[in-house]
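Me: I've got a new model open and want a quick walk through it. Can we start with the charged pairs?

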Amino acid sequence: MVRKGKKCRCTFWSSVECASFMTGLVNELNAQGCSVEHRFNISHDCYRQAVSPVQRLLLRLRMSLVYPLQLLWYCMVRRGPEITVVCTNTFYAPLIAALAAGKRGRVVHLVYDLFPDALIQAGQIADGGLAERILSRLAKLTFQRCHANVFLGSRLLQYARQRHGEIPNAWVIPVGADSSRIKAGWPKKPTGMKPITVLYCGNMGRMHDVDTVLGYLGRESDCLKSASQMRLLFHASGVGYERLKRELN
């Protein structure tokens, strides 16, 4: 617990620097009187610029080995009460933080992706195999040891409960965004024949529902081709987005 009169300290951790929404969140919390920072091992630009096999391998080593050691050292040597928010990038990092922090801090498990399910979908481990059983036990231990488990949306929490049973200290929040870019408020009700633009911005990975988008585009192709009612705009990356582009071409 933070003593009365003490400024709340909070650190957000991820192996790769989060996008602009994290900057907006950190700035807003600091403006409200908290002491907040975002820590990471790999910058966003460095992650995007790594294209060769050697560069990608080095990134994997930093994400899977160097970053967890960096987080472990921080949790062991820090002083004073603090809230440490650790996302599932890298997936075992929240457990490392919870074990290292002990009673000296509060660790929040921010569930971006559910493991081992993400690895099963990626074809890296077999469903029902030894690796899957071991990682499932680690996932349950993470839920138990962290002071809060925060899910992005109720459907992810529902699926996690079906997969791992009851999850203690579970909370649901909406997917975040940086609202500082919206200066004039929400757009007014569209008038005339101008098309409505639906924007998808961010990662589209293996666990995103690409089939629904493909099915809609197939059924409503005449409507979309006319460009009189709606247009879809994508600023995205990831395996799912590559598949979307490939099947639409």
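Me: Are Arg-78 and Glu-82 buried or exposed?
Reply: Both Arg-78 and Glu-82 are buried. Bear in mind that this is a predicted model.

Me: What links Arg-78 with Glu-82, and how far apart are the closest N and O atoms?
Reply: A salt bridge, with the closest N and O atoms 3.9 Å apart. The pair belongs to a network of salt bridges that links Arg-9, Arg-78 and Glu-82.

Me: How many salt bridges in the whole structure?
Reply: A search of the whole structure gives 9. Side chains of opposite charge can pair when their charged atoms come close.

Me: Which side chain does Arg-243 meet in a salt bridge?
Reply: That of Asp-211, at 2.4 Å from N to O. This pair links distant parts of the chain, 32 residues apart: Arg-243 sits in helix α10 (residues 239–248) and Asp-211 in helix α8 (residues 210–219).

Me: Why does Asp-211 count as partly exposed?
Reply: Because its relative accessibility is 47%, and the partly exposed range runs between 20% and 50%. Arg-243 is partly exposed too, with a relative accessible area of 26%.

Me: And what about Arg-161 and Glu-166?
Reply: Their side chains meet in a salt bridge, 3.8 Å from N to O. Arg-161 is partly exposed at 36% relative accessible area. Glu-166 counts as exposed, at 65% relative accessibility.

Me: Back to helix α8. Where does Val-210 lie?
Reply: Val-210 lies in helix α8. It counts as buried because its relative accessibility is 4%, and the cut-off for buried is under 20%.

Me: Which residues is Val-210 in contact with, leaving aside neighbours within four places in sequence?
Reply: Met-204, Gly-240, Arg-243 and Leu-244. Take Gly-240: Val-210 and Gly-240 are 30 residues apart in sequence, yet their C-alpha atoms are 6.4 Å apart in space.

Me: What share of contacts is long-range like that, 24 or more positions apart?
Reply: 65% of the contacts in the protein with a separation of 6 or more.

Me: New topic. How many helices and strands?
Reply: The protein has 10 helices and 8 strands. Of those strands, 6 form an open sheet in the order β2-β1-β3-β4-β5-β6, with parallel pairing.

Me: Which are the edge strands?
Reply: β2 (35–39) and β6 (170–173), each of which pairs on one side only. Neighbouring strands in this sheet are turned by 20° against each other on average, ignoring direction.

Me: How many bridges hold each edge pairing?
Reply: β1 and β2 pair over 5 bridges, in the parallel sense. β5 (residues 148–152) and β6 pair over 4 bridges, also parallel.

Me: Which residue is the bridge partner of Val-150 in β6?
Reply: Trp-171. At the other edge, Trp-13 stands opposite Arg-39 in β2.

Me: Which face of β2 is covered?
Reply: The one with Val-36 and His-38. The uncovered face has Ser-35, Glu-37 and Arg-39.

Me: What does α3 lie across?
Reply: β1 (9–13), β2 and β3 (83–87), and α3 runs at about 165° to β1.

Me: Which residues make the nonpolar surface patch?
Reply: Val-54, Leu-57, Leu-58 and Leu-61, covering about 380 Å². Val-54 is in helix α3 (residues 53–77). At 57% relative accessibility, Val-54 counts as exposed.

Me: How does the total surface split?
Reply: The accessible surface comes to about 16,100 Å², and 57% of that belongs to carbon and sulfur atoms. Buried residues make up 31% of the 249 residues.

Me: Backbone check. Where are the cis peptide bonds?
Reply: One joins Asn-89 and Thr-90, with omega about 15°. Thr-90 lies in the loop between β3 and α4 (93–101). Another runs from Phe-115 to Pro-116, with omega near 10°. Pro-116 is in the loop between β4 (106–111) and α5 (117–121).

Me: And what is phi of Asn-169?
Reply: Near 50°, a positive value in a residue other than glycine. Asn-169 is found in the loop between α7 (154–164) and β6. Its relative accessible area is 44%, so Asn-169 is partly exposed.

Me: Why look twice at those spots?
Reply: Because most residues other than glycine have a negative phi, and most peptide bonds are trans.

Key:
Residues are numbered from 1 along each chain as its sequence is written. This is a predicted model: local features need pLDDT of at least 70, side-chain atom pairs count only at pLDDT 80 or more; totals for chains, interfaces and linings use all residues. Side-chain values use heavy atoms; hydrogens and water are left out. Patches are made of residues with over 30% relative accessible area and no salt bridge: like charges are joined within 9 Å, nonpolar side chains (Val, Leu, Ile, Met, Phe, Trp, Tyr) within 5 Å. Accessible areas come from the Shrake-Rupley method with a 1.4 Å probe; for residues, only the protein chains shown count as cover. A salt bridge is a side-chain nitrogen of Lys or Arg within 4 Å of a carboxyl oxygen of Asp or Glu. Helices (H or I, at least four residues) and strands (E, at least two) are DSSP runs, numbered from the N terminus. Buried means under 20% relative accessible area, exposed over 50%, partly exposed in between (1.4 Å probe, protein chains only). Two strands pair if DSSP finds at least two bridges between them. Axes are lines fitted to C-alpha atoms, for helices over the stretch in contact, and angles run from 0 to 180 degrees between N-to-C directions. Contact means heavy atoms within 4.5 Å.
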